[in-house]
Amino acid sequence: MPTTVGRRVDRLAPVRRAAGGIDRRTVVRTGTVAAVVYAAWLAIGAFGRPYNFFDMKIYHGAVVWWASGHELYEFISPGTTLGFTYPPFAGLVMLPMAHLPVGLAGLVNAAASIAALAVVLAGLLRPIVDRLGWPLWYTVAIATPLAVALEPGRETLGYGQVNLLLFALIMADLIGLRWRARRGTHVAPSDGLLLRFVYSGAWAGVGIGLATAVKLTPALFIAYLMITRQWRAATTAVGTVVAVTIGSFAVVGPESRAYFGGVLWQTERVGAADMTPNQSLAGLLARLYDSIETPGLLWFAFAILLLALGLSRAANARADGDELTAFTLVGLTTNVISPISWTHHLVWVIPAIIVLADAAVRRREASRGLVSRAGLSGLPGVNGLRPPIWYPALTGLRHGVAAVGLYLLFVVSPIWPYEHQLPEVSHYQDGLFGALMENSLALALIVLVAALPWRPGAEPAFYGERAGRATASATRR
């Protein structure tokens with residue numbers, strides 16, 4: 001009997017040590033997360049700009065003005081020429097913050113934006129970490145501060161913008177399409193109707209519709225859904241936009257008529273096209289021409305070309321089974337062709353970095369398998385040639401370098417040391433190098449639209465014949 005008891009004590013001892021002690025792996029991971037958060041904070045301080053919720057002050061002042069009985073679009077922020085430029089539905093959504101001090105409203109927006117970003121990253125990274133066997137919480141805890149340190153992340157939070165919230169709405173539809181493709185495999189028959197509806201993905205399109213009702217540029221995602229014949233999601237998105245717009249007319253008719261009848265077309269309310277933070281194609285061309293205005297015909301020609309390129313590549317990415325890259329290409333295309341894309345709009349570089357990094361890992365994993373089969377199993381390799389032993393180390397290197405380079409570019413954000421404002425200072429004041437730096441983010445977006453790779457079979461959001469096409473393409477590559 002004592003021997004048996006001794007065995008039981010020995011078996012229980014590790015459990016007691018784990019329960020009563022501290023798991024060293026957890027300590028290391030927690031310390032790593034803390035170090036990454038601190039490094040992100042230092043990066044924001046080193047490369048970011050002074051932030052004081054500038055845009056939030058405009059939004060807050062506008063809804064306070066509106067709540068006190070004035071016309072929403074007549075508001076002009078004190079000391080500026082700027083007013084409220086969003087549709088009336090956005091004003092209705094922001095109206096509750098009229099009861100908060102502007103500083104507190106900015107902090108609430110920042111907290112909600114970071115939480116939304118973390119949830120989105122969890123959804124986007126889940127298939128990757130499951131494949132690699134990494135803990136989801138740990139990966140998201142590292143990825144979130146890294147994403148916040150990027151130019152669009154820190155600008156959105158520092159200025160009190162809504163871009164991360166709109167990004168989350170659109171990405172929610174991507175998750176819905178993913179769940180719909182799995183046909184509700186997340187739920188059991190005993191689960192309630194609400195849970196079954198959520199995991200069915202039947203609501204996919206609502207997020208894009210709401211984002212479009214708040215800011216018109218996400219409407220390009222509706223065009224993408226139509227091009228790729230995702231009719232149910234496209235119909236849901238259009239129905240959401242129509243319902244919200246009609247509802248806004250019913251609730252705040254004068255503001256709706258003022259916006260769609262005039263404010264929408266007053267582009268001067270936003271700012272000059274050549275301003276350095278406008279990293280769209282229109283801003284790039286205006287600065288290259290050293291003009292306040294964009295050359296219209298040239299911009300239109302290049303915008304149509306990039307629109308066709310971005311949408312066609314997005315459709316091909318989806319057809320090959322990579323809906324994330326497809327959504328990313330549509331978002332990047334929106335940034336490029338929009339007349340105004342401030343740096344806080346460029347949130348689509350976040351999934352672009354994820355796609356590049358995962359493409360590098362996938363290619364390296366595939367090459368390791370090829371070397372293992374050809375070298376260890378005595379197989380001849382591909383076309384009778386055995387791949388060299390160093391092949392896995394270099395395969396995917398260009399995608400990995402591109403991911404790191406893109407991340408560093410948007411952390412350092414070299415546009416600000418070369419910021420110029422016409423007519424006082426020419427955009428060529430610092431020569432060719434200065435002009436390249438001032439336009440570096442816009443150039444990176446155009447390159448991404450043209451060259452962002454997709455990952456065949458990574459996460460097909462559809463079933464049927466094209467799913468077989470995605471699998472076959474993944475095998476070939």
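Here are some friendly exercises, each with a worked solution, on the predicted model shown above.

**Exercise 1. The whole chain**

Task: Find how many helices and strands the protein chain has, and what share of its residues count as buried.

Solution:
- Step 1. Begin with the secondary structure: the protein chain has 22 helices and zero strands.
- Step 2. Turn to burial: 48% of the 477 residues count as buried.
- Step 3. Look at the outside: about 23000 Å² of the protein chain is exposed, and 67% of that area comes from carbon and sulfur atoms.
- Step 4. Consider the contacts in the protein chain with a separation of 6 or more: residues 24 or more positions apart account for 74% of them.

**Exercise 2. The nonpolar core**

Task: Work out which residues have the most contacts inside the largest nonpolar core, and which helix gives the most to this core.

Solution:
- Step 1. The largest nonpolar core holds 103 residues.
- Step 2. Inside this core, F84, M171, F327 and F410 have the most contacts.
- Step 3. The helix that gives the most to this core is α5, residues 102-132, with 10 residues.

**Exercise 3. Two helices that meet**

Task: Describe how α12 and α13 pack, and decide which word fits their angle.

Solution:
- Step 1. Locate the pair: α12 covers residues 231-251 and α13 covers residues 253-261.
- Step 2. Read the geometry: the angle is about 125°, and the axes are 5 Å apart.
- Step 3. Apply the cut-offs: 65 to 115 degrees is roughly perpendicular and over 145 is roughly antiparallel. The two helices are therefore oblique to each other.
- Step 4. List the residues that meet: α12 brings T245, S248, F249 and V251, while α13 brings G253, S256, R257 and F260.
- Step 5. Sort this contact by class: three residues are nonpolar, four are polar and one is charged.

**Exercise 4. Backbone surprises**

Task: Explain what stands out in the backbone at R229, at D290 and between L422 and P423.

Solution:
- Step 1. Recall the general pattern: most residues other than glycine have a negative phi, and most peptide bonds are trans.
- Step 2. Check R229: its phi is near 60°, a positive value in a residue that is not glycine. R229 sits in the loop between α11 (219-227) and α12. With 61% relative accessibility, R229 counts as exposed.
- Step 3. Check D290: its phi is also positive, at about 55°, although D290 is not a glycine. The loop between α14 (281-288) and α15 (296-319) holds D290. Its relative accessible area is 27%, so D290 is partly exposed.
- Step 4. Check the peptide bond from L422 to P423: this bond is cis, with omega near 0°. P423 belongs to the loop between α19 (397-412) and α20 (431-438).

**Exercise 5. Following one residue, E155**

Task: Decide whether E155 is buried or exposed, and name the residues that E155 touches.

Solution:
- Step 1. Place the residue: E155 is part of helix α7, residues 151-159.
- Step 2. Compare with the cut-off: buried means under 20% relative accessible area. E155 has 1% relative accessibility, so E155 counts as buried.
- Step 3. Name the partners: leaving out residues up to four places away in sequence, E155 touches R49, Y51, T343, H344 and W416.
- Step 4. Take T343 from that list: E155 and T343 are 188 residues apart in sequence, yet their C-alpha atoms are 7.2 Å apart in space.

**Exercise 6. Exposed residues and distant partners**

Task: For V119, V401 and T81, say where each residue lies and whether each counts as buried or exposed.

Solution:
- Step 1. V119 is in helix α5, and at 60% relative accessibility V119 counts as exposed. Its C-alpha atom is 8.1 Å from that of A168, 49 residues away along the chain.
- Step 2. V401 is in helix α19, and at 51% relative accessibility V401 counts as exposed. The C-alpha atoms of V401 and L356 are separated by 8.9 Å, with their positions 45 residues apart along the chain.
- Step 3. T81 lies in the loop between α3 (54-67) and α4 (88-94), and T81 is exposed with a relative accessible area of 68%. T81 and G271 are 190 residues apart in sequence and 9.4 Å apart in space, C-alpha to C-alpha.

Terms used. Residues numbered from 1 in each chain as written. Predicted model: local features only at pLDDT ≥ 70, side-chain atom pairs only at ≥ 80, totals over all residues. Heavy atoms only, no water. Axes fitted to C-alpha atoms, helices over the stretch in contact; angles between N-to-C directions. Helix = DSSP H or I, 4+ residues; strand = E, 2+ residues; numbered from the N terminus. Parallel < 35°, antiparallel > 145°, perpendicular 65-115°, else oblique. Contact = heavy atoms within 4.5 Å. Nonpolar A, V, L, I, M, F, W, Y, C, P; charged D, E, K, R; others polar. Buried < 20%, exposed > 50% of the residue type's maximum accessible area, 1.4 Å probe, protein only. Areas by Shrake-Rupley, 256 points an atom, 1.4 Å probe, with all protein chains shown as cover. Core = buried A, V, L, I, M, F, W, Y, C linked by side-chain atoms within 4.5 Å.
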